[in-house]
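These are my notebook entries on a single protein chain. I looked up a set of residues one after another and wrote down what each query returned.

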Amino acid sequence: MSGPLQVIIGVAVLGWVVWNQLRVRQFSPRRLRVAAVLGIVGLVEVLSAAGPHPESVLGVTLLVTGLVIGAALGLLRAATVQLWVCDGVLYTQGHAMTATLWAVGIGIHVGLDLLARVVAPSAASLNSSSMLLFVAVSLGVQGLVTLRRARSLPGAPVLAMVAQ
């Protein structure tokens, strides 16, 4: 996939994810499927960008650092999501801090991409291709922590990690 197309798709996916998190929604473990699909697509993009030759250690370190930061921000965002039960149905809604943490994460990711271009030019395409993987890791961690929080709510329905 070309660079500009990757950016357009990444921005569209991120916009959709943030919009969904800020509205009231019924919670289901099925939401984790979105993170899984994005993760698969993101991994394919990163592997395609890596190509047949090895990447620099610094470039890979920046990539992994970005993914770890994405996971940490997912953990923080999970704490900003309001959970409640109404008539036996579990609902969630993110708030301004949820969106702010997404913006911070994307800013950090872009900053790491720019840093990779300067300090590890050979790994620049690897790092710039990792946006969907970053979103997937961050969204997946947030979803898992939210699921754990939801299970502890009084009156919450049984939430199993099975196909529904």
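**Entry 1: Ser130 and its surroundings**

I began with the contacts of Ser130: apart from neighbours within four places in sequence, this residue is in contact with Val46, Leu63 and His109. I note at the outset that the model is predicted. I then located Ser130 in the loop between α5 (124–128) and α6 (131–151). Its relative accessibility is 2%, under the 20% cut-off, so I recorded Ser130 as buried. Next I asked which backbone atom the side chain of Ser130 reaches. I found the backbone oxygen of Asn127, at 2.7 Å.

**Entry 2: Asn127**

That contact led me to Asn127, which I placed in helix α5. Asn127 also has a relative accessibility of 2%, so I entered this residue as buried. I looked up where the side chain of Asn127 goes and found that it reaches the backbone nitrogen of Leu63 at 3.1 Å. Leu63 had already appeared in my list for Ser130. Beyond four places in sequence, I listed Gly59, Leu62, Leu63, His109, Asp113 and Ala116 as the contacts of Asn127. His109 is thus in contact with Asn127 and with Ser130.

**Entry 3: Ser129 and Ala123**

I checked two further loop residues. Ser129 lies in the loop between α5 and α6, and I noted it as buried because its relative accessibility is 2%. I computed the C-alpha separation of Ser129 and Ala50 as 9.2 Å, for a pair 79 residues apart in sequence.

Ala123 sits in the loop between α4 and α5. Its relative accessible area is 0%, so Ala123 is buried. Setting aside neighbours within four places, I found Ala123 in contact with Glu55, Ser56 and Gly59. Gly59 is also on the contact list of Asn127. I then took the C-alpha distance from Ala123 to Arg149: the two are 26 residues apart along the chain and separated by 38 Å.

**Entry 4: The nonpolar cores**

I turned to the nonpolar interior. The largest nonpolar core has 20 residues, and I listed Leu14, Val17, Leu38, Trp102, Phe134, Val135 and Leu139 as those with the most contacts inside it. I asked which helices supply at least two residues each to this core. The result was α1 (3–22), α2 (32–50), α3 (57–80), α4 and α6. Helix α6 gives the most, with seven residues. I also found a second, separate core of seven residues, which includes Phe27, Leu32, Val81 and Leu90.

I then queried Trp102 individually. Beyond four places in sequence, Trp102 is in contact with Leu14, Val17, Val18, Gln21, Arg77, Val135, Ser138, Leu139 and Gln142. Among these partners, Leu14, Val17, Val135 and Leu139 are on the list of residues with the most contacts inside the core.

**Entry 5: A nonpolar surface patch**

I next looked for nonpolar side chains on the surface. Leu58, Leu115, Val118 and Val119 form a patch there, with about 340 Å² of accessible area together. Which helix gives the most to the patch? I found that helix α4 (residues 96–119) does, with three residues. I examined Leu115, which is in helix α4. I marked Leu115 as partly exposed because its relative accessible area is 38%.

From the patch residue Val118 I took a C-alpha distance to Leu76: the two are 42 residues apart in sequence and 30 Å apart in space. Leu76 lies in helix α3, and at 49% relative accessibility I classed it as partly exposed.

**Entry 6: Strand β2 and the loop after it**

I finished with Val85 and Asp87. Val85 is in strand β2, and I entered it as partly exposed, given its relative accessible area of 28%. Beyond four places in sequence, I found Val85 in contact with Leu90, Leu153, Pro154, Gly155 and Ala156. Leu90 is one of the residues of the second core. The C-alpha atoms of Val85 and Ser28 are separated by 12 Å, for a pair 57 residues apart along the chain.

Asp87 is in the loop between β2 (82–86) and β3 (89–93). I flagged its backbone: Asp87 has a positive phi of about 55°, although it is not a glycine. Most residues other than glycine have a negative phi. The relative accessibility of Asp87 is 76%, so I recorded this residue as exposed.

Methods:
Residues numbered from 1 in each chain as written. Predicted model: local features only at pLDDT ≥ 70, side-chain atom pairs only at ≥ 80, totals over all residues. Heavy atoms only, no water. Helix = DSSP H or I, 4+ residues; strand = E, 2+ residues; numbered from the N terminus. Buried < 20%, exposed > 50% of the residue type's maximum accessible area, 1.4 Å probe, protein only. Polar contact = N/O pair within 3.5 Å; in protein donor to acceptor, adjacent residues only side chain to side chain. Contact = heavy atoms within 4.5 Å. Patch = residues over 30% accessible without salt bridge, like charges linked within 9 Å, V, L, I, M, F, W, Y side chains within 5 Å. Areas by Shrake-Rupley, 256 points an atom, 1.4 Å probe, with all protein chains shown as cover. Salt bridge = Lys/Arg side-chain N within 4 Å of Asp/Glu carboxyl O. Core = buried A, V, L, I, M, F, W, Y, C linked by side-chain atoms within 4.5 Å.
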